[in-house]
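Work through the following exercises on side-chain contacts with the sequence and the 3D structure in view. Try each task before reading its solution.

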Amino acid sequence: MIPAKIDPISITTIRGKAVESIFDWFDQHKQSFYKLGWSYLRNLQLMEELFYRSIIKVHKELPRFKRETSFEMWVTSIFIHTCRELSDNRSLQVSEESEPGEDLFKALDQLKQYEKEAMVLTYVKRISQEEAANLLQVSVEKMKELLFSGIQSLRKEMGYGSPFNGCKEYHKYYIDYLERTLDRPKKIDLEKHIYHCQDCQEDLATFQDVMLTMINLTERIKDLHVPSDFMENVKDRLAEQEKRRQQKNKKRKRKRFVFAGVFVLLMGIGFFTGVFTNLYYTWIEDDQELRAFLQQDLGDRLNLEAESGGVKIKIKSAIADNVQTLVFYEIEDTNEDNQYVMNYNDGVMVENEYEIMSREANPRYYPPNLESDVNKEEKNVYQGKISLLPLSKDNGTIKLKITKLQKLIRDSSDRNRFMAYENMEYETGEWNFEIPVTKQPSIEYELDEEIEVEGIPVRFDKLTIAPTATMLQYAFKNEQPEKRIEVLNIDNLEVNNKKVKADLYGGSFLESSQDMNWSTFQSNFDPLFGEKPKEVNVQFESVQLTFEDQKTIELNDSQEYPQTFEYAGSTISIDKVEVGQPTSVVISNHEIENRAYESLNFNILGEDENEFSSMEMNSEEVLVDKNENPVSDEEIEQPRYFITVYNMELQSNNAGEKVIPKRLEIYGYNTKKYLDDIVKISLE
């Protein structure tokens, strides 16, 4: 049995859940993940996209990480899911450079997806069959079947000839026998049988050869080259994404009108009506989010202060529930015009964390708020919040120690943009606080509602209403071979006439062992304050679908081009097939109005169904809004990307040999559909 890989890095070392800390973790593990990603994509541009997307997803999903599995295995599950997205949404693109193990990777590409993944995880990633089965969400027995069928398919691709001719009832024992994990009675029985069966002897020998070839692949790709600027390019993209996240909507500064006579009047009636509490915090608290918590009596105004080196920190309040402990703070630089923010586990620690806090949840990351009136207008004051672990007790005193603050550096071209990586600076000192806090209750509602979205079953499992967050858990079932849901986005929830928007990044994948046929997700929303909900209205935003729709187009370089063909209700043009060194193929469809697909899943094959040694592809795309009007990247949050041109160059390994494409194989296409559906779920 191949031993499970031990993750040497604890989750607690991911500092503050900031994107840059997760980037650092990936940077330390880049070699193993680069090899895993290369087995899917083998294209540098797509590899950078893979690491970029994976870091963003890990950052967003970190609060849902469960300690029942290792952090590396959890990250690997997200990484594999992202590999699938990129390999599904793009036709296979192969690097022009010859990398170690390239011939075997090409053979692996011919396998079915789960066969290939079972082989790669077991023999390239080198994790146990149990962990691989968990990542693929199949049973261990199914995992063994996938390994057997994968080795059998790979045997054919590697030129070993016809399928196995031995006795089928003994096939299931091959892997355990060769890995020396087969129990003794079965081992003796198999060895007796093999001694008398020539076909099984030959089968087992070639089976062992293929297994050893896969195992040796690990050695062959140890030197798989990670370009020197690879992680820097990923880091630059993350920095750019962080800047785009900052909201641009301007808010008018609140005016304070406090009249002594009105104040006294409301003091008199406030004790009986509750009006005073709301108006009181409206007058004295300028942080709108904290004000809402205080008005709902979910926390106390604290105003604890500490100063070090001319930098004054004020803890304004702390709100705790089963999800997290939110600490609202204000930092003032009394000497210079600097703004500072806190990062959990990066100079911010709870000294009595193990005594009063739960390890079953994780703190959430909140990016700097650059849009509040104070943060935009005051050059030396910053008001923010930081998420700590939830309390393990009903109440307690948090001993918070701060030794380092991160300087907030804004883009000189736009003061409301935060430069996440460039020129990071820190202020050191020591600020100590004892923060009294009481845990507020959360309510979970088990849901039993099932609908269909585009003909695919979708169910709603649970609604959690906590003081600091609202969470909706749902799942969908991909049974149809011709169509499946990749992403289902929820726009908002409405409860008791109160509407809360979904997280900008949509659904969050949850590992669930209840039903392996369902993919479970969770959407996060702002907190809901108010009375017990009787009905929840779920407003969908969009669904990302993949359709299987196969079509073969014969190619002939002697034809006159362009040539057109019909597919998915559209007319697609093959603009050019030009044989040479390299061979050039151009496919286009510039019409996007009422087009069924956004991108195609396809490949170009030569004679005898062979793929070429490399295919480099560049694409042109048009960004459109919901009404299919072209827009720029920053104008809408969830645009549609219509690919209009695929420009491919095909190369041969043999110098001087021309590549002759014979057919275009289209497997299917991807598209996004906007949804207007509202699902009403009764909680009574």
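Buried means under 20% relative accessible area, exposed means over 50%, and partly exposed lies in between (1.4 Å probe, protein chains only). This is a predicted model, in which local features need pLDDT of at least 70 and side-chain atom pairs count only at pLDDT 80 or more, while totals for chains, interfaces and linings use all residues. Residues are numbered from 1 along each chain as its sequence is written, and side-chain values use heavy atoms, with hydrogens and water left out.

**Exercise 1. Cysteines**

Decide whether C197 counts as buried or exposed, and state how many disulfides there are.

Solution. Begin with C197, whose relative accessibility is 14%, so C197 counts as buried. Next take C167, which has a relative accessible area of 23% and is therefore partly exposed. A disulfide is a covalent bond between the sulfur atoms of two cysteines. The rule used here asks for a pair of cysteine sulfur atoms within 2.5 Å, and by this rule the count comes to zero disulfides.

**Exercise 2. Aromatic pairs**

Classify the pair F51 and F79 by the geometry of the rings, and then find which helices the two residues lie in.

Solution. A pair of aromatic rings is described by the distance of the centres and the angle of the planes. Rings of Phe, Tyr and Trp (its six-membered ring) pair if their centres lie within 6.5 Å, and planes under 30 degrees apart count as stacked, over 60 as edge-to-face and the rest as tilted. A search of the whole structure finds 22 aromatic pairs. For F51 and F79 the ring centres are 5.6 Å apart and the planes stand at 85 degrees, so the pair is edge-to-face. Helices (H or I, at least four residues) and strands (E, at least two) are DSSP runs, numbered from the N terminus. Since F51 belongs to helix α3 (residues 44-61) and F79 to helix α4 (residues 71-89), the pair ties together parts that are 28 residues apart in sequence. Both F51 and F79 are buried.

Now compare F476 and F521, an aromatic pair that is stacked, with 5.1 Å from centre to centre and 20 degrees between the planes. This pair links distant parts of the chain, with F476 in strand β13 (residues 469-477) and F521 in strand β17 (residues 518-525), 45 residues apart. Both F476 and F521 are buried.

As a last step, locate the aromatic cluster whose members include W25, Y34, F51, F79 and F230.

**Exercise 3. Salt bridges**

Find where E425 and K407 lie in the chain, and say how many salt bridges there are.

Solution. A salt bridge is a side-chain nitrogen of Lys or Arg within 4 Å of a carboxyl oxygen of Asp or Glu, and by this rule the count comes to 16 salt bridges. The side chains of E425 and K407 meet in one of them at 3.3 Å, N to O. This pair links distant parts of the chain, with E425 in the loop between β9 (414-418) and β10 (426-438) and K407 in strand β7 (residues 395-407), 18 residues apart. E425, at 37% relative accessibility, counts as partly exposed, and K407, at 21%, counts as partly exposed.

Turn next to R53 and E49, whose side chains meet in a salt bridge of 2.6 Å, N to O. Both residues lie in helix α3, four residues apart, which is about one turn of the helix. E49 counts as buried at 17% relative accessibility, whereas R53 is partly exposed at 26%. Finally, E49, R53 and R237 are linked in a network of salt bridges.
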